[in-house]
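Thanks for making the time this morning. I would like to walk you through one protein model, moving from its sheets to its cores and then to two single residues.

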Amino acid sequence: INSADDDIDGDGALNGVETFRYDATNAGTALAPGESVRLEFDTDGTPFENGLTGALVRPNELPADGNPEEVNLNNADVSGGTLNIAVTAGDHFSNGNSQQNAFVSAYSSENGLSVETRFVIPDYNPGEEGDQAPGNFQASGVVIGVDQNNLVKAVYGRAGAEIELAQDNVSNGGGGAGTTAVTTPEGAEEVAIRLEVFTDPATGNATAKAYYTFFDSSGVVIGDPEQEVGPIVLVDNSTASFTNTLKTLVESGAPLGAGVIQTSTGGGSPSTFDVSYQYLEVSAPDAILVSVADAPTVVEDGDTGDTMLAFPLSLSEATAATLDLVVEYSINGGETQTINLDGVVFDAAGLSDAMIPVPTDDVNDGPESVSVELISVASPAFAIDGDNSTAIGSVSEDDPLPAGDVLFRVNVGGPAVTSVDDGPDWTADQQSFPAAGNSEYLADNSTGGRLFSTN
């Protein structure tokens, strides 16, 4: 940062008291579902010349001169296609906030964020012969948060070869935390770590997960790719003076800093090490798609009220959810009606039903053919599957035939329906001429029209 300018982005906030020092909006980039931004670190210079716009501030630390501390770029640069950081003794945990150079940019998404990086596994004690394992809370990886009191991180290291997924809070530095000890595979030279934050559709809770993959020196995956750590539920330690906690920010889709973080508390020797990040990729998860399928035929239920026709619904991911849907439907090709299906409950397999009311009567006037279309879903994490948004169904008659003999039946504009009385089945009238499967009682007049014929 230009030390001669205490407010480099001109937003009225001093560099040392705001995270996004090079972003006057402090809002960054809004990502649509499935959209991603990748920083390749291909411009030699500072992190801020490569797409990063700040670093997580240290809210509990104020130097003796009373001026907020600037980011120290003596220990960070971009060169040779990597973001290189000489990790100094420091940590973000609890209220200590002595960690330096957690570089981030602001991103927002209504359905969560994901951040990923990859780096050569550092030598955590260059003074010893051979590569040394991490100790003394030496760690590096990715972070999502707004400052050093309010973040969640996924890092390699800590007290050994671990993948740590942990939340830091304003009040006690704790929170939801899940640390997984891993055995670094033989021949592993690099590790990729991905961190996700999202609102769980089943519980409504802000949640975090992490994934890691090891690679050999040729870039070949060693072991299973994308091994999962977590999930953990983000906790809310808000106070009267601190209300925008990570939990509430994730659940509201507010802008969050996404970037890299590295720590070494210096509680023993060694304390410092070097790490070089190859890229940083931030993305918004794909929307979960809602699909509808044809309804099984049901028999009319009585002579008054409605018969409920159940159209199967499914989600593109096996997850529980409660959704509000808007559905349009028509009966026998008539007027299109709109129904709001609020609170549709999907089970853990992502399955449910859209219940459509079909009026009943006491006249045997043939099956009721119903067409439906999913119009919208009231959740940013979900979307209608455009390839599977329409379906058909039918309600067959339960009323007796009128007096006289029935010679043939045609389900006008609909599919074939099996008879539920002593009369013949309803034959189909839903194909364009010429087509197999249409009623034999329809005459092909070679124009595509549908005419009855007793020939």
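Let me begin with β20 and β23, which run antiparallel and are joined by seven bridges, and within that pairing V327 stands opposite L374 in β23. When I say that two strands pair, I mean that DSSP finds at least two bridges between them, and the strands themselves are DSSP runs of E with at least two residues, while helices are runs of H or I with at least four residues, numbered from the N terminus.

Before going further, please keep in mind that this is a predicted model, in which local features need pLDDT of at least 70 and side-chain atom pairs count only at pLDDT 80 or more, whereas totals for chains, interfaces and linings use all residues. Residues are numbered from 1 along each chain as its sequence is written, and side-chain values use heavy atoms, with hydrogens and water left out.

Strand β20, residues 321-331, also pairs with β21 in the antiparallel sense, over eight bridges, and there the bridge partner of L325 is L341 in β21. These two strands form a hairpin with five residues between them, and N332 in the turn has a positive phi of about 55°. On the other side of the story, β23 (residues 368-377) pairs with β25 (residues 390-396), antiparallel again, over six bridges, with S369 opposite S394 in β25.

Put together, these strands belong to an open sheet of five, in the order β18-β25-β23-β20-β21, with mixed pairing. Because β18 (298-299) and β21 (337-346) stand at the edges and each has a single partner strand, one side of each is left without a neighbour in the sheet.

There is also an open sheet of four strands, ordered β22-β19-β17-β24, whose pairing is mixed as well. Its edges are β22 (351-359) and β24 (382-384), each with a single partner strand, so one side of each is left without a neighbour in the sheet. Here β17, residues 288-292, runs parallel to β24 and is joined to it by three bridges, and L289 has A383 in β24 as its bridge partner.

Turning to the whole protein, we have one helix and 29 strands, and of the 455 residues 47% count as buried, which means under 20% relative accessible area, with exposed being over 50% and partly exposed in between, using a 1.4 Å probe and protein chains only.

What does the largest nonpolar core contain? It has 54 residues, and those with the most contacts inside it include F103, Y156 and L280; a core here is a set of buried Ala, Val, Leu, Ile, Met, Phe, Trp, Tyr and Cys residues joined through side-chain atoms within 4.5 Å. A second, separate core of 28 residues includes F311, Y329, L341 and V370.

Finally, the two single residues. S114 is found in strand β7, residues 113-120, and is buried, with a relative accessible area of 6%. Not counting residues up to four places away in sequence, S114 touches R194, L195, E196, E281, V282 and S283, where contact means heavy atoms within 4.5 Å.

G204, by comparison, has its place in the loop between β12 (190-199) and β13 (206-215), and is partly exposed, with a relative accessible area of 37%. Leaving aside neighbours within four places in sequence, G204 is in contact with T199 and E251. G204 and A321 are 117 residues apart in sequence, and their C-alpha atoms are 9.0 Å apart in space.
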